[in-house]
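Student: I would like to learn how to read the sheets and the chain contact in a model like this one. Could we go through them one feature at a time?

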Amino acid sequence: MTSPMTRTQDGTARAGVEVRMDGLSRHYGPVVALDKLDLTVQAGELIALLGPSGCGKTTTLRLVAGLEDADAGRITVGGKDITHLSASKRDMGMVFQAYSLFPHMTARQNVAFGLRLRRIAAATRDKRAIEMLELVGLSTQADRYPHQLSGGQQQRVALARALAIEPQVLLLDEPLSALDAKVRAQLRDEIRRIQLEVGTTTLFVTHDQEEALAIADRVGVMKDGRLEQLAPPTDVYSRPATSFVAEFVGLTNRLAGTVSGQTVTVRGRDLPLVDPSTPAGPATALVRPEAVTLASDSTGDSGPLVGTVIAVTFLGATSRVTVDLGDTTILAQLTTADAAELPAGSRVALTIRPDPVLVSADSPALSEA
Amino acid sequence: MAVVATTEPGARPARAGRRASIPGWVGTVPFLAYVGVFLLLPTGIVIVDALKNPSGAWQFSSVTELGNPLVRTYFIGSLKLCLISSVIGAVFGAILAYAVASGNPDGVVRRLYLAASGVLAQFGGITLAFAFLTLLGPVGLLAHASWFYDFPWGIALIYAYFEIPLMVLVFMPAIDGLKVQWREASENLGASAWQYWRHVGGPLLAPAFIGSTLLLFANALSAFATIEAWESQIAYIVPQQISISLSSEVGLSNINYADVLALGMMVMVAIIMTGYALLQRRASRWLR
Ligand SMILES: Nc1ncnc2c1ncn2[C@@H]1O[C@H](COP(=O)(O)OP(=O)(O)OP(=O)(O)O)[C@@H](O)[C@H]1O
Ligand SMILES: [Mg+2]
């Protein structure tokens, strides 16, 4: 198997190992947390697992880490079956969803803990702990206790602790969910940088789509204990495999249309289909807000693509504009400068960019917001 | 459900919409009054009396009574009894608390244990001594056990009867405070179960364990009715001696003697409770 993500910088860089899950299942009483999951993470690859709450992301990580036993299925790491190996022998670094630093140890002691268990000499492990703390930008806080550190700093120490043992596999369970937007983006990029530098095979769990798209080589979108789609970020976004993926990743307009041949006709516009084998007939097309452009309309004409702006949401560099089309509303994403020209109440004419669109499998012809 | 929620360290009642016109400290008046009347006042009286002779003049020399070899044997007796019973209670109570805590947090077993511990921790005094006498005394139902009359082991084992449940009650919140992630994180980093207890679980519980042991110690120190019913002929511990000196008809000077003994005990309790408070503070910072 080729593994394009393995960084072969020099002799010291360790190539990651492949992690393979085959038919992995796990039930909690009547709840099916994982349903025959097949997932292969290539050596040195970072896969982000994305999905709504309760879809089985944490369960996947816990099974890989050995903190939970599978009901069925197999886990192999570098070709070795580890399904029944105890967690303490798996050599995987994990960062937990909740803060998990040992409260009676300083940052440095926390990071050095794994090395201490490996009976590495005190001087060596101290040096290594400081190196790891430097990597996450916390070498000046080495002698602080967890309760003296902020949430973001604690998560960085936890990351350093997981990296210090030079694990074959890195498992990150929403490591950034407790942080504010800025620290979050910073630390996210830092994790990616470190991961690329070290080349560790990584599973990164998140329910934040932006985070998943930004950090991953491939994104796995999960639903009800199954993978809906596993693909590079751009594909997940622009060529979603299912309507669930289309709607979970990014905002989507659901517009009534009619499929015929290779296209779907939506409000008089012909748009190409992601899946050309879609059966003909009435359908719901999923259109991204950024595929919709708006122009001020002073003609006073009415038509299927003319409407009134009812709300503008400022998002920073871009703004989201809600347009009332009479029988439905549609979201458009514009640059903030463009949106400034179109205050609420403006009459606008819409254009839909002919990006390939997906047609929702469920109840066609229903137009919804 | 939340049986132990009230004993959680650092738990404070939610501030219910307090009226602006009533200052905040007013609510503490009943408590302060209670403490004043039932704790500070008697303490003050004992201290003052211990330092005065029967005619009312200051007389610090009576405190030197504490150095008297006979008095010392009572204190040593008290220390022995409390040490043995609190260590036994702490060890077995901690094991029991751990066993109960690792079960279902909302389970029947746990609720039963806590309820039973709540009752048994109060089950001292004459009732308890009587129960043991009925079972193991000279005409005991089970046997006539002679070890039962050995001081301090016999009575220490009887004390364990209320010390163990007390330990379950006071130590349970600490065990509940141990987070699962700490165990999982250490496992993930390669620690065996033993290494987890040695490096993480043990050190984290240690302050709470020692603190609870001190509390058990103080509890045993003041448990007087049990030993009085168990053996009223011979005095082994300080409270018995205080009782004897108060009830004998030798003379007024004995009240002063009792005060001095009580002062000695108060100093012991003060030291123990200070240690307890310090340890508790440390434990609650870790095990939130
Ligand atoms: N220990 C458990 N006991 C019972 N049910 C559980 C347990 N752990 C997980 N579940 C159930 O399994 C399902 C998957 O849970 P999981 O924790 O993997 O979700 P998740 O994708 O990580 O969600 P979140 O984004 O909220 O963290 C959920 O329905 C959850 O209720
Ligand atoms: Mg989770």
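Tutor: Let us begin with a sheet, bearing in mind that this is a predicted model. One reads a sheet by its strand order and pairing sense, and here five strands of chain A form an open sheet in the order S15-S19-S16-S17-S18, with antiparallel pairing.

Student: Which strands are the edge strands of this sheet, each pairing on one side only?

Tutor: They are strand S15 (292-296) and strand S18 (329-335) of chain A. From one strand to the next, the twist averages 45 degrees.

Student: How many bridges join S17 and S18 of chain A?

Tutor: Strand S17 (residues 318-324) of chain A pairs with S18(A) in the antiparallel sense over seven bridges. To fix the register at one point, take A:Val323, whose bridge partner in S18(A) is A:Ile330.

Student: What is the strand order in the open sheet of four strands?

Tutor: That sheet, also in chain A, has the order S2-S1-S4-S5 with antiparallel pairing, and its edge strands are strand S2 (31-41) and strand S5 (80-81) of chain A, each pairing on one side only. Within this sheet, strand S1 (residues 19-28) and strand S4 (residues 72-77) of chain A are antiparallel and share five bridges, with A:Val19 bridged to A:Val77 in S4(A).

Student: Which helix packs on that sheet, and what angle does its direction make with that of S1(A)?

Tutor: Helix H1 (residues 57-65) of chain A packs there, touching S1, S2 and S4 of chain A, and its direction makes about 115 degrees with that of S1(A).

Student: How should I read the connection between S1(A) and S2(A), and how many residues lie between them in the hairpin?

Tutor: A hairpin is read from its paired strands and then from its turn. S1(A) and S2(A) run antiparallel and are joined by seven bridges, with A:Leu24 standing opposite A:Leu37 in S2(A). Two residues lie between the strands, and A:Gly29 in the turn has a positive phi of about 55 degrees.

Student: Turning to the two chains, what area is buried between chain B and chain A?

Tutor: The size of an interface is often given as the accessible area lost when the parts come together. For chain B and chain A the buried area is about 2,000 Å², with 62% of it given by carbon and sulfur atoms, and the contact takes 26 residues from chain A and 19 residues from chain B.

Student: How many salt bridges does the rule find across this interface, and which side chains meet?

Tutor: The rule finds one salt bridge, in which the side chains of A:Arg62 and B:Glu184 meet at 2.6 Å, N to O. The count of residue pairs in polar contact between the chains, with both residues at pLDDT 80 or more, is eight.

Student: Which elements of chain B give two or more residues to the side that touches chain A?

Tutor: They are helix H6 (180-188), helix H7 (193-222) and helix H10 (253-286) of chain B, and the largest share, seven residues, comes from H6(B). By class, this side of chain B has eight nonpolar, six polar and five charged residues.

Definitions and conventions
Residues numbered from 1 in each chain as written. Chains lettered and ligands numbered in written order. Predicted model: local features only at pLDDT ≥ 70, side-chain atom pairs only at ≥ 80, totals over all residues. Heavy atoms only, no water. Pairing = 2+ DSSP bridges. Axes fitted to C-alpha atoms, helices over the stretch in contact; angles between N-to-C directions. Contact = heavy atoms within 4.5 Å. Buried area = accessible area lost by both parts, 1.4 Å probe. Salt bridge = Lys/Arg side-chain N within 4 Å of Asp/Glu carboxyl O. Polar contact = N/O pair within 3.5 Å; in protein donor to acceptor, adjacent residues only side chain to side chain. Nonpolar A, V, L, I, M, F, W, Y, C, P; charged D, E, K, R; others polar.
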